[in-house]
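Reader: Please take me through this model and justify the terms that you apply to it.

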Amino acid sequence: MPPTAGRPDPDQDRTSPAADLLDAMQHQVALFARRAEQTRLGGVGQARNSMDRAAYLLLNRLDQDGPTGVKALAAGMGIDSSTVTRQVAPLVESGLVKRTSHPDDGRAVVLRLSPRGASRLEQVRASRRELMALLTREWNEEERTAFCDLLTRFNQALSDFQASGS
C-alpha cells in the first residue's frame, strides 16, 4: 500500500540516516515527556511544583483570552467541555477563577481569572521562568529563540495531528 500524505512509508529503510534521526527524535521526546512529568517543570523556589499542569494551562488561557465560556475554553485548549468543567471546579473552589454571568446572555456562565488567580499565576510563571533561565543558562538568545520556535511548531503539529483524528 502506498504511503498516505503525512504518514511515513512503512517499507522505508529503517537504517537510513533519516530513520536514525527520527528514532533519535522520538527517543528524546519520550525522555523529555518523562522528565517533564517527573519534575513537572514546576519552577524553582517557593512556587516549585505548586500548580499542576492542568491548572496552569487553564489559568494561563484565561489570562490570555480574558473571560471565556466553558465551550470556548475547551475548544481553545483542544479538550472537551466536561474536562474543563472538572478541572476548573477546584480553581473556582480555591478562589483562583470566578464564575460570572455572560454579559449578553445571563443564562450562560463565563469563567474569568480572579485577582488572586492572576497573582498566583504570576508567581508560578516567575518560578518557571527562573527554571527555564537556569536550564538554558549556557544558551544564547538565538538558541533559546530557535528552541522555542521549533517546540512551538512541534506542539502545533501534534495539535493538528490530534485534531485531524489521525
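Author: I shall begin with a salt bridge partner: at 34% relative accessibility, E122 counts as partly exposed. Buried means under 20% relative accessible area, exposed over 50%, and partly exposed in between (1.4 Å probe, protein chains only). This is a predicted model, in which local features need pLDDT of at least 70 and side-chain atom pairs count only at pLDDT 80 or more, while totals for chains, interfaces and linings use all residues. Residues are numbered from 1 along each chain as its sequence is written, and side-chain values use heavy atoms, with hydrogens and water left out.

Reader: What makes the contact between E122 and R129 a salt bridge?

Author: The term requires a side-chain nitrogen of Lys or Arg within 4 Å of a carboxyl oxygen of Asp or Glu. The side chains of E122 and R129 meet at 2.8 Å, N to O, and therefore satisfy the definition. R129 is partly exposed, its relative accessible area being 46%. In general, side chains of opposite charge can pair when their charged atoms come close.

Reader: How many salt bridges does the structure hold?

Author: The structure holds 4 salt bridges. One of them joins R125 and D63, whose side chains meet at 2.8 Å, N to O. This pair links distant parts of the chain, with R125 in helix α5 (residues 115-135) and D63 in helix α2 (residues 53-65), 62 residues apart. Helices here are DSSP runs (H or I, at least four residues) and strands likewise (E, at least two), numbered from the N terminus.

Reader: Why is R125 called buried, and how is D63 classed?

Author: R125 has a relative accessible area of 18%, which is under 20%, so the residue is buried. D63 has 36% relative accessibility, between the two cut-offs, and therefore counts as partly exposed.

Reader: How do you know that E141 and R144 form a salt bridge?

Author: The closest N and O atoms of E141 and R144 are 3.9 Å apart, which is within 4 Å, so the pair qualifies. Being 3 residues apart in helix α6 (residues 141-163), E141 and R144 are separated by about one helical turn. E141 is exposed, because its relative accessible area of 56% is over 50%. R144, with a relative accessible area of 28%, is partly exposed.

Reader: Why is the pair of W139 and F147 called edge-to-face?

Author: The structure holds 1 aromatic pair. W139 and F147 form this pair, with 5.3 Å centre to centre and 80° between the planes. Rings of Phe, Tyr and Trp (its six-membered ring) pair if their centres lie within 6.5 Å; planes under 30 degrees apart count as stacked, over 60 as edge-to-face and the rest as tilted. The centres of W139 and F147 meet the distance limit and their angle is over 60 degrees, so the pair is edge-to-face. W139 is partly exposed at 33% relative accessibility, and F147 is also partly exposed, with a relative accessible area of 41%.

Reader: What makes α3 and α4 roughly perpendicular?

Author: The axes of helix α3 (residues 70-77) and helix α4 (residues 81-93) come within 8 Å and cross at roughly 105°. Axes are lines fitted to C-alpha atoms, for helices over the stretch in contact, and angles run from 0 to 180 degrees between N-to-C directions. Angles under 35 degrees count as roughly parallel, over 145 as roughly antiparallel, 65 to 115 as roughly perpendicular and the rest as oblique. The crossing angle lies in the 65 to 115 range, and α3 and α4 are therefore roughly perpendicular to each other.

Reader: Which residues of α3 and α4 meet?

Author: V70, K71, L73 and A74 in α3 meet S81, V84 and T85 in α4, where contact means heavy atoms within 4.5 Å. This contact has 4 nonpolar, 2 polar and 1 charged residues. The classes are nonpolar (Ala, Val, Leu, Ile, Met, Phe, Trp, Tyr, Cys and Pro), charged (Asp, Glu, Lys and Arg) and polar (the others, Gly among them).

Reader: Where does R99 lie, and what does R99 contact?

Author: R99 lies in strand β2 (residues 97-101) and counts as partly exposed at 45% relative accessibility. Leaving aside neighbours within four places in sequence, R99 is in contact with V88, A89, V92, V109, V110 and L111.
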